[in-house]
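Work through the exercises below with the model open beside you. Try each task before you read its solution.

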Amino acid sequence: GCKVRVTVLFKLMSNAYNYYKKVYRGKKFEEWKVNRPEEKAIWSSVDLTLEQMQQIDNYYLEHYGKKIPYTWHRLYTGFRGSFDVRYFPEHLFIPVFERLVNPMKYTESFGDKNVTMLLASNISDLKVPKCFGSCCNGMYRDDNYNPLSKQQFLEYISNTGKVFIKPTVDSSSGRGCRVLNLINGLDDDTGKTVAEIVESYGDNFVIQEIIKMHPDVANLHPESVNTFRIMTYRLPKSGELHHTPSFMRIGIGESKVDNAHAGGLFIGIGDDGDLEPVAFTEFKKAFLAHPDTGIKFDGYKIIDFPKALNAAKKLHALIPQIGVYSWDFTIDSEGIPVLIEVNTRKGGIWANQKAWGKSLFGDDTEEILEFLRDKEKDMPFKISL
């Protein structure tokens with residue numbers, strides 16, 4: 001019995017150590033990100049007043065139990081010129097909050113875009129892109145998810161024409177997303193064979209239709225699939241479902257993807273579909289109109305955006321095991337929301353707060369900080385930054 005208790009205790013301590021190692025590394029990574037030269041140039045140009053710094057100290061001491069660096073408040077203030085004591089620092093989001101409310105056993109399953117699309121197909125008033133073929137954990141499948149051998153799969157997709165391919169596991173920021181034109185076993189744009197392309201994507205990817213966007217969405221930049229990031233979360237105590245301020249991503253130039261990391265724009269979008277007056281690049285280049293199409297953002301409205309917001313909440317209620325989701329939607333030519341993908345891990349929050357110049361969680365910030373404070377009190381190790 002003593003040996004069993006020692007073994008169990010050792011396992012618990014080992015799990016706790018591994019958890020804290022990940023939290024520590026996550027916090028250090030967020031610290032590195034905010035100190036990149038491009039980011040540092042923004043926040044270092046902002047001097048908070050003594051009163052503002054005192055407000056931050058008092059607020060976080062009261063609700064979180066410790067002070068935090070001023071860096072993120074300076075960064076977000078620097079984008080829209082708006083100070084908000086409730087700005088949520090990135091070193092508390094992915095490394096701590098997301099890790100606590102998104103259990104790994106669920107994120108690994110629901111974070112697979114092949115799985116999520118199947119679940120989303122059960123939601124009314126929501127579309128998922130038509131699938132021409134996919135590979136999940138090394139299993140090749142046709143458009144009806146029937147298993148195929150690799151050779152059968154290559155033949156099956158060899159003449160699908162213009163399609164979109166993307167990884168379905170551990171993907172973000174548009175990495176690996178490409179438009180293909182598959183004719184007679186070759187990509188007509190690059191000359192690569194279907195076999196070469198499939199081999200480069202490994203064991204988890206999907207080949208989908210190219211979405212025909214609604215004019216409200218497409219007119220801003222027709223060359224890219226322009227999307228909306230909607231983040232939904234459940235409050236830790238009450239379990240109520242809320243959403244953060246949303247934003248839209250818009251491509252630039254000949255880019256087929258809209259991500260800010262890939263050089264695109266992001267802009268706040270209200271719950272009613274009204275765009276904010278100014279769009280930004282990741283490192284604060286500001287635009288009052290799209291640089292390619294010339295369309296002004298002030299007064300521009302995506303009339304069907306509320307449908308996407310409602311669909312996101314329905315989806316979260318369908319899979320409530322996860323505490324916070326980052327959903328990506330567009331609107332098709334018929335005005336119906338289309339789920340592009342969902343992220344259950346590493347959901348960045350910088351664009352939400354940069355685009356809006358206000359707190360990610362708003363009035364819910366206190367409850368979330370107090371949840372983190374109480375969780376940390378029960379932990380055997382202490383980590384600070």
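The exercises that follow concern a predicted model.

**Exercise 1. The sheet**

Task: Find the order of the seven strands in the open sheet, and state which strands form its edges.

Solution:
- Step 1. Trace the strands across the sheet. The order is S3-S2-S1-S7-S4-S5-S6.
- Step 2. Check the directions. The pairing is antiparallel.
- Step 3. Look for strands that pair on one side only. These are S3 (147-148) and S6 (186-187), the edge strands.
- Step 4. Go to the S6 edge. S5 (residues 178-183) runs antiparallel to S6, and two bridges join them. Leu182 stands opposite Asp187 in S6.

**Exercise 2. A helix across the sheet**

Task: Determine which strands helix H9 lies across, and how H9 packs with helix H8.

Solution:
- Step 1. Locate H9 at residues 194-201.
- Step 2. List the strands beneath the crossing. H9 lies across S2 (139-141), S4 (161-167), S5, S6 and S7 (205-208). Its direction makes an angle of about 150° with S5.
- Step 3. Turn to H8, residues 150-157. The H8 and H9 axes are 10 Å apart, at an angle of about 120°. H8 is therefore oblique to H9.
- Step 4. Give the handedness. The crossing of H8 and H9 is right-handed.
- Step 5. Name the residues that meet. H8 brings Lys150, Phe153, Leu154 and Ile157. H9 brings Val194, Ala195, Val198 and Glu199.

**Exercise 3. Helix H13 and its cover**

Task: Compare the span of H13 with the expected span, then identify its buried residues and what covers them.

Solution:
- Step 1. Take the length. H13 covers residues 365-377, which is 13 residues.
- Step 2. Compare the spans. From first C-alpha to last, H13 reaches 18 Å, close to the 18 Å expected at 1.5 Å a residue.
- Step 3. Pick out the buried residues. They are Thr365, Glu367, Ile368, Leu369, Glu370, Phe371, Leu372 and Glu376.
- Step 4. Find the cover. It includes helix H3 (50-63), helix H5 (93-101) and strand S8 (227-234).

**Exercise 4. Tyr64**

Task: Decide whether Tyr64 is buried or exposed, and list what it touches beyond four places in sequence.

Solution:
- Step 1. Place the residue. Tyr64 sits in the loop between H3 and H4 (71-80).
- Step 2. Read its relative accessible area, 2%. Buried means under 20%, so Tyr64 is buried.
- Step 3. List the contacts. Tyr64 touches Lys27, Leu92, Leu369, Leu372, Arg373 and Glu376.
- Step 4. Set sequence against space. Tyr64 and Ile368 are 304 residues apart in sequence, and their C-alpha atoms are 8.8 Å apart.

Definitions and conventions:
Residues are numbered from 1 along each chain as its sequence is written. This is a predicted model: local features need pLDDT of at least 70, side-chain atom pairs count only at pLDDT 80 or more; totals for chains, interfaces and linings use all residues. Side-chain values use heavy atoms; hydrogens and water are left out. Two strands pair if DSSP finds at least two bridges between them. Helices (H or I, at least four residues) and strands (E, at least two) are DSSP runs, numbered from the N terminus. Contact means heavy atoms within 4.5 Å. Axes are lines fitted to C-alpha atoms, for helices over the stretch in contact, and angles run from 0 to 180 degrees between N-to-C directions. The expected span of a helix is 1.5 Å times one less than its number of residues. Buried means under 20% relative accessible area, exposed over 50%, partly exposed in between (1.4 Å probe, protein chains only). Angles under 35 degrees count as roughly parallel, over 145 as roughly antiparallel, 65 to 115 as roughly perpendicular and the rest as oblique. A crossing is left-handed if the near helix is turned anticlockwise from the far one by less than a right angle, and right-handed if clockwise.
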